[in-house]
Amino acid sequence: MKCDVIFYLAKKTALCQKKLGEMLTVRGYELNTITAATSPQSLGMQLTDDLNCVNLVFIVGGLRDNDIRGISNVFSKALANSSTDIIPKRLKNEVGLFDGYILRSGKQTIICIPDTPKEIESVLNESLLNYLDRVYFGD
């Protein structure tokens, strides 16, 4: 199962990519396209492109920013102007300050995670990975 990764205002991108790859490939996921976005507009365009190709997209970073570029503000505005009833769910981060988020509509899922390997491991816990396996592999 292919999934895409967008680094959004992220730090430690190489380490994050390595950790994400380690956690996902053993479960049958393949990191397909890895890109970066530095503004809400470029994030929106990249996310649209990615969701036209794959059903699972990870956004790494953007959780620290509380200004208009922050991921929570970006998705709040996008969902407020949307006709869908997607409600983001918080993903608890046990080792850091910034929780992640998951948004799902049908078979398409967006997962927003922090930009440190330790926090990625905390947010992408066994429970979440099992959930993704059920959605995408029927396990």
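**Strand β1 and the helices α5 and α2 in a predicted model**

Helix α5 is followed by Gly138, a residue with a positive phi, near 70°. The model described here is predicted, and the account moves from α5 to the strand β1 and then to helix α2.

Helix α5 comprises residues 126-137. Its 12 residues reach 15 Å from the first C-alpha to the last, close to the 16 Å expected at 1.5 Å a residue. The buried residues of this helix are Leu128, Leu129, Leu132, Asp133, Val135 and Tyr136. These residues cover an arc of only 170° around the axis, and they therefore lie on the same side of α5. The cover over the buried residues of α5 includes the helices α1 and α4 (117-123) as well as the strands β3, β4 (89-91), β5 (100-105) and β6 (108-113). At the N-terminal end, α5 is capped by Asn125, of which a side-chain oxygen lies 3.1 Å from the backbone nitrogen of Ser127. Asn125 thus stands at the N-terminal end of α5, while Gly138 follows the helix.

Strand β1 spans residues 2-8 and is mostly covered, with 6 of its 7 residues buried. It is paired with two strands. Strand β2 (residues 30-37) runs parallel to β1 and is joined to it by 6 bridges. Strand β3 (residues 56-60) also runs parallel to β1, and 4 bridges join these two. Individual bridge partners illustrate both pairings. Phe7 has Ala36 as its bridge partner in β2 and Val60 as its bridge partner in β3. For Cys3, the bridge partner in β2 is Leu31. Together with helix α1 (residues 13-25), strands β1 and β2 make a right-handed β-α-β unit.

The loop between β1 and α1 contains Leu9 and Lys12. Leu9 is not a glycine, yet its phi is positive, at about 50°. Lys12, likewise not a glycine, has a positive phi of about 55°.

Within strand β1, the position of Cys3 was examined further. Its relative accessible area is 0%, so Cys3 is buried. Apart from its neighbours within four places in sequence, Cys3 is in contact with Leu24, Tyr29, Glu30, Leu31, Asn32, Thr33, Val54, Leu56 and Phe58. Leu31, the bridge partner of Cys3 in β2, is thus one of the residues in contact with Cys3. By contrast, Ile86, which is 83 residues from Cys3 in sequence, is 20 Å from it in space, C-alpha to C-alpha.

Helix α2 comprises residues 40-51. Its 12 residues reach 16 Å from the first C-alpha to the last, close to the 16 Å expected at 1.5 Å a residue. Leu43, Gln46, Leu47 and Asp50 are the buried residues of α2. Because they cover an arc of only 100° around the axis, they are placed on the same side of the helix. The face of α2 turned away from this buried side carries Gln41 and Met45, both exposed. Among the elements that cover the buried residues of α2 are the strands β1, β2, β3 and β6, together with helix α3 (71-80).

Two of the buried residues of α2 may be considered individually. Gln46, located in this helix, has a relative accessibility of 17% and therefore counts as buried, the cut-off being under 20%. Beyond its neighbours within four places in sequence, Gln46 is in contact with Ile6 and Thr35. Leu47, also found in α2, counts as buried because its relative accessibility is 10%. Not counting residues up to four places away in sequence, Leu47 touches Ile6, Val57, Ile59, Phe75 and Ile110. Ile6 is therefore among the contacts of Gln46 and among those of Leu47. Leu47 and Tyr136 are 89 residues apart along the chain, and their C-alpha atoms are separated by 19 Å. Tyr136 is one of the buried residues of α5, as Leu47 is of α2.

Technical notes: Residues are numbered from 1 along each chain as its sequence is written. This is a predicted model: local features need pLDDT of at least 70, side-chain atom pairs count only at pLDDT 80 or more; totals for chains, interfaces and linings use all residues. Side-chain values use heavy atoms; hydrogens and water are left out. Buried means under 20% relative accessible area, exposed over 50%, partly exposed in between (1.4 Å probe, protein chains only). Two strands pair if DSSP finds at least two bridges between them. A crossover is right-handed if, with the strands pointing away from the viewer, the path from the first strand over the helix to the second runs clockwise. The expected span of a helix is 1.5 Å times one less than its number of residues. The arc is that of the directions from the helix axis to the C-beta atoms. Contact means heavy atoms within 4.5 Å. A polar contact is a pair of N or O atoms within 3.5 Å; within protein, one must be able to donate a hydrogen and the other to accept it, and residues adjacent in sequence count only if both atoms are side-chain atoms.
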